[in-house]
Amino acid sequence: SDHMENIYGYLMKYTNLVTGWQYRFFVLNNDAGLLEYFVNEQSRHLKPRGTLQLAGAVISPSDEDSHTFTVNAASGEQYKLRATDAKERQHWVSRLQICTQHHTEAIGKNNPPLKSRSFSLASQGSANSPGVQRRPSQNAVSFFNVGHHRLPTGKRVPIMQPDHLVDVREMMSQAEGQQRDLIRSIECLPVSGHLTSLDQDLLMLKATSMATMNCLNDCFHILQLQHASQQKGSLPAGTTISWLEPKISLSNHFKNGAAQNFPAEINKPASVREEQSIAEPCQLTREPEEINPDEELEDICDDKEDDLGAVEEQRSVILHLLSQLKLGMDLTRVVLPTFILEKRSLLEMYADFMSHPDLFIAITNGTTPEERMIRFVEYYLTSFHEGRKGAIAKKPYNPIIGETFHCSWRMPKNDVATDAGSNFSAHSPSEQVTLSKDTEGQTDLDYYTVKFVAEQVSHHPPVSGFYAECVERKMCVNAHVWTKSKFLGMSIGVTMIGEGLLSLLEHGEEYTFSLPCAYARSILTVPWVELGGKVNINCVKTGYSASINFHTKPFYGGKLHRVTGEVKQNMTNTVVCRVQGEWNSVLEFTYSNGETKYVDLTKLSVTRKRVRPLEKQGPFESRRLWQHVTESLRDGDIDKATEHKRALEERQRNEERLRAETETPWCTKYFLKEGDGWVYHKPLWKAVSAAQTQQTDTN
């Protein structure tokens, strides 16, 4: 075929964060089914620097840009490559896919099956062990024929009858037991030595055996539905045949090289025993605690998530996880591996969206309803950049039910914009709006205080409530968010379900708003965050509204992180402001008077939040609750972090089980259920309303 010719040329290959991208000379050897690369074209006659077997490989154009693509070999090895343009990428991807398909099909058609590769894991030094049997010449053909046997010639498989389903179920139960024994045997192997639990072939065996059992369970489910339809004559109207969730627990297979059971209680670290022995939350005091801002200190923690080392080292675990997930699968109850976690709770991430309190306070200083709506849009769009800790997409801790987070910000009054022309004036790189030791001694008249509290009010579904207020400016914001995540193939999508309400009590205005969806892209290579979806901001009293679109990048062309929006007066349908740019870079605001303003988010100063020291925090405050997980992640001890995380999750499950058995409802601490939402128990609008009523009675 004309499409099967050998091709060669220069491509950029991603090595690691330190080395980055490097030009290498690649050769597609169609006859051998190999992708080889050399340092340059002149060294082509030498031994290749690297070789990938293409049989069984997956060739994937990246959604990161129009030049990048990945080659994922069946062995788990991966090349991340970049062409000079979209046309060249398509040329390489097409030829690689044709070659891959040809050699994958040839495995079953043109090669007789080899003898089954026998695993004797009980005696790792025996001649039957994979380490002894592996030969340098072993290729994809022998790899794909592991454990396969050919039926005797001429023997036909009998058609499965419905009354055989009971026998099939019994056989599958036996197979599931054997598969669990196999996984346990592999994981009990040492992490170093001649045959280890991290052996690439054994990791692939774990993943494929897991995927096989899940697929068999799905097929058995379909057979059961077909059997039921035969008995009834046809499937009932509206019946759908859906894929099942994995039958085998995901969380038990993430830790390689060690048994899954916890060691005996006496051998557990004291911190783990402490995490498991904290009393039932509802038995603790559930009375709201008034946090004194004077006890809070300027935060010195700065955990930027730019380290990809753990993700690269654990790529086989990610492959193992992906083998068990299906497109559209809800990840809410899936326990993800520890190494992909940020060093903060989701509740603290919501607080970091408030890292520009000067812009927040400046909203109420707008002199007209139009100006206040525009200021809110400006603040809203600048909040997401600081909410991300670094360029690499990692996941914050899932809050434990009853977990809380408190913090505050002190904002010098002269740094808050008062008129329309002064917005962002205080945000040059040389004028960092952070509290220094000098400003800490200022009187109450010199700065505003913004207080923040968040609480995890529900576990299933996972709902967080958060509230912030500035008493001096009579403004507050209340929101509840339900995070719902789904597996999208090479991405994970998180929908932020819920609503926020900003109250400007001096003006009697309320602004409702929603949040965009978030996506973790390229989860097999360098994961990165993208926002997408349409959000609306609306003020019923003034008749002003805003529509903001977070654009996901198209497959070909286009820019990353693009956002557009407009503010309009609903009564006249007049657009008073337009915005465009990138939510993590530069935003351009164009006003109805023809003026244009640019905001460089990378140069906006960040006000550090103030947090109480750990020793003064309650046992269910985020940083104290997760402190051992965070410390272990900082030390790079993934196993220890996993153990602490698992202890917290197990305690939460035990408490939930106890509440279900005793029919005891969960008691929230700071937020009350109102309709479909959650509202702070003592919002500022209640205090202001009560004060106004008292003043009226006095007069």
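Three cavities of 30 Å³ or more occur in this structure, which is a predicted model. The largest cavity has a volume of about 190 Å³. Its lining is made up of 14 residues, and the closest to the centre are Phe 353, Tyr 379, Ser 383, Phe 466 and Phe 513.

Which helix gives the most to this lining? Helix 11, residues 369-387, does, with five residues. By class, 13 of the lining residues are nonpolar and one is polar. No charged residues line the largest cavity.

Charged residues bring up the next topic, salt bridges. Side chains of opposite charge can pair when their charged atoms come close. A search of the whole structure finds 21 salt bridges. The table gives three of them, with the distance between the closest N and O atoms.

| Salt bridge | Closest N and O atoms |
|---|---|
| Arg 344 with Asp 352 | 2.6 Å |
| Lys 609 with Glu 348 | 3.4 Å |
| Glu 566 with Arg 578 | 2.9 Å |

Take Arg 344 and Asp 352 to begin with. Both residues of this salt bridge are buried.

Now take Lys 609 and Glu 348, whose closest N and O atoms are 3.4 Å apart. Lys 609 lies in the loop between strand 23 (596-600) and strand 24 (610-611), while Glu 348 lies in helix 9 (residues 346-352), so the pair ties together parts that are 261 residues apart in sequence. Are these two residues buried or exposed? Lys 609 has a relative accessible area of 6%, so it counts as buried. Glu 348 is buried as well, because its relative accessibility is 6%.

Glu 566 and Arg 578 form another salt bridge, with the closest N and O atoms 2.9 Å apart. The two residues are 12 residues apart, and the pair links distant parts of the chain. Glu 566 sits in strand 20 (residues 562-569). Arg 578 sits in strand 21 (residues 574-582). How does the surface exposure of this pair come out? Glu 566 is partly exposed, at 25% relative accessibility. Arg 578 is partly exposed too, with a relative accessible area of 47%.

Some salt bridges share partners. Such sharing joins Asp 299, Arg 344, Glu 348, Asp 352, Lys 609 and Arg 623 into one network. Among its members are the buried residues Arg 344 and Asp 352. Lys 609, which is buried, and Glu 348, also buried, belong to the network too.

Notes. Residues are numbered from 1 along each chain as its sequence is written. This is a predicted model: local features need pLDDT of at least 70, side-chain atom pairs count only at pLDDT 80 or more; totals for chains, interfaces and linings use all residues. Side-chain values use heavy atoms; hydrogens and water are left out. A salt bridge is a side-chain nitrogen of Lys or Arg within 4 Å of a carboxyl oxygen of Asp or Glu. Buried means under 20% relative accessible area, exposed over 50%, partly exposed in between (1.4 Å probe, protein chains only). Helices (H or I, at least four residues) and strands (E, at least two) are DSSP runs, numbered from the N terminus. On a 1 Å grid over the protein atoms alone, a cavity is a set of points where a 1.4 Å probe fits but cannot get out, and a pocket is an open set with protein on both sides within 12 Å along at least five of seven lines; lining residues have an atom within 4 Å of a point. Grid points are joined across faces, edges and corners, and a volume is the space filled by probe spheres set on the points. Ala, Val, Leu, Ile, Met, Phe, Trp, Tyr, Cys and Pro count as nonpolar, Asp, Glu, Lys and Arg as charged, and the others, Gly among them, as polar.
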